[in-house]
Amino acid sequence: MRKKFAFNIKGHNVTITNSWFSGAKLYVDGKLRDTDKTMVAKGNKSLLSANLGDAGFLQIKPLSKLLSVEMDAYLVNGNNSQHIYSSHKQLSN
């Protein structure tokens with residue numbers, strides 16, 4: 001099983017891939033920035049992250065469901081954390 005999630009934030013193209021055998025990988029503008037091989041995501045813990053410079057710090061929090069994994073992305077800048085992407089729910093602008 002392999003899933004791919006893609007979105008744009010602050011001029012950056014972000015892609016997350018997840019598979020049973022190679023784990024989760026975070027790409028920013030086509031470059032591999034972080035990996036994680038945790039089998040089951042637990043709690044509200046960021047498993048992938050990347051520094052986007054002036055835009056802030058990108059944190060990816062997976063959510064394990066029965067037979068799949070969904071992804072939420074947050075942009076953190078100082079004490080401000082903004083939920084910018086969700087593969088499983090509609091975000092309001």
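**Figure 1. The hairpin of E5 and E6.** Strands E5 and E6 pair in the antiparallel sense, and four bridges join them. The structure shown in this and the following views is a predicted model. Strand E5 covers residues 48–51, and strand E6 covers residues 57–64. Within this pairing, Ser-49 stands opposite Gln-59 of E6. The hairpin has five residues between its strands. Gly-53 in this hairpin takes a positive phi near 70 degrees.

**Figure 2. The sheet that contains E5, E6, E7 and E8.** Four strands form this open sheet, in the order E5-E6-E7-E8, with antiparallel pairing. Its edge strands are E5 and E8, each of which pairs on one side only. From one strand to the next, the twist averages 20 degrees. As background, strands of a sheet pair through backbone hydrogen bonds, in either a parallel or an antiparallel manner.

**Figure 3. Strands E6 and E7, with Lys-61 and its surroundings.** Strand E6 pairs with E7 in the antiparallel sense over eight bridges. Strand E7 spans residues 69–77. Lys-61 stands opposite Asp-72 in E7. The charged end of Lys-61 also sits over the ring of Tyr-74, at 4.7 Å from the ring centre. The view therefore shows Lys-61 with two residues to look for: Asp-72, opposite Lys-61 in E7, and Tyr-74, whose ring lies under the charged end of Lys-61. 

**Figure 4. The hairpin of E7 and E8.** Strand E7 and strand E8, the latter covering residues 80–86, are joined by six bridges and pair in the antiparallel sense. Which residue in E8 is the bridge partner of Val-76? The partner is Ser-81. Two residues lie between the strands of this hairpin. In the turn, Gly-78 has a positive phi of about 65 degrees.

**Figure 5. The sheet that contains E1, E2, E3 and E4.** This open sheet consists of four strands in the order E1-E2-E3-E4, and the pairing is antiparallel. Strand E1 (2–9) and strand E4 (31–36) form the edges, each pairing on one side only. The twist from one strand to the next averages 15 degrees. Inside the sheet, strand E2 (residues 12–19) and strand E3 (residues 23–28) run antiparallel and are joined by six bridges. One pair to locate is Val-14 with its bridge partner in E3, Val-28. In a regular strand, side chains alternate between the two faces of the sheet.

**Figure 6. Two loop residues with positive phi, Lys-10 and Asp-29.** Lys-10 is found in the loop between E1 and E2. Its phi is near 50 degrees, a positive value in a residue other than glycine. Is Lys-10 buried or exposed? Lys-10 counts as exposed because its relative accessibility is 57%, and the cut-off for exposed is over 50%. Asp-29 lies in the loop between E3 and E4. The phi of Asp-29 is near 55 degrees, again a positive value in a residue other than glycine. Asp-29 has a relative accessible area of 40%, so Asp-29 is partly exposed.

**Figure 7. The aromatic pair of Phe-7 and Tyr-85.** The chain has one aromatic pair. Phe-7 and Tyr-85 form this pair, and their rings are stacked, with 4.4 Å from centre to centre and 10 degrees between the planes. The pair links distant parts of the chain, since Phe-7 belongs to strand E1 and Tyr-85 to strand E8, 78 residues apart. Why do both residues count as buried? Buried means under 20% relative accessible area. Phe-7 therefore counts as buried at 10% relative accessibility, and Tyr-85 is likewise buried, with a relative accessible area of 15%.

**Figure 8. The chain as a whole.** The chain holds zero helices and eight strands. From the N terminus on, its elements run β-β-β-β-β-β-β-β. Of its 93 residues, 40% count as buried. The chain exposes about 6,000 Å², of which carbon and sulfur atoms supply 48%. Among contacts between residues at least 6 apart in sequence, 19% join residues at least 24 apart.

Technical notes
Residues numbered from 1 in each chain as written. Predicted model: local features only at pLDDT ≥ 70, side-chain atom pairs only at ≥ 80, totals over all residues. Heavy atoms only, no water. Pairing = 2+ DSSP bridges. Axes fitted to C-alpha atoms, helices over the stretch in contact; angles between N-to-C directions. Buried < 20%, exposed > 50% of the residue type's maximum accessible area, 1.4 Å probe, protein only. Contact = heavy atoms within 4.5 Å. Areas by Shrake-Rupley, 256 points an atom, 1.4 Å probe, with all protein chains shown as cover. Phe/Tyr/Trp six-rings, centres within 6.5 Å; stacked < 30°, edge-to-face > 60°. Lys NZ or Arg CZ within 6 Å of the ring centre and 35° of its normal.
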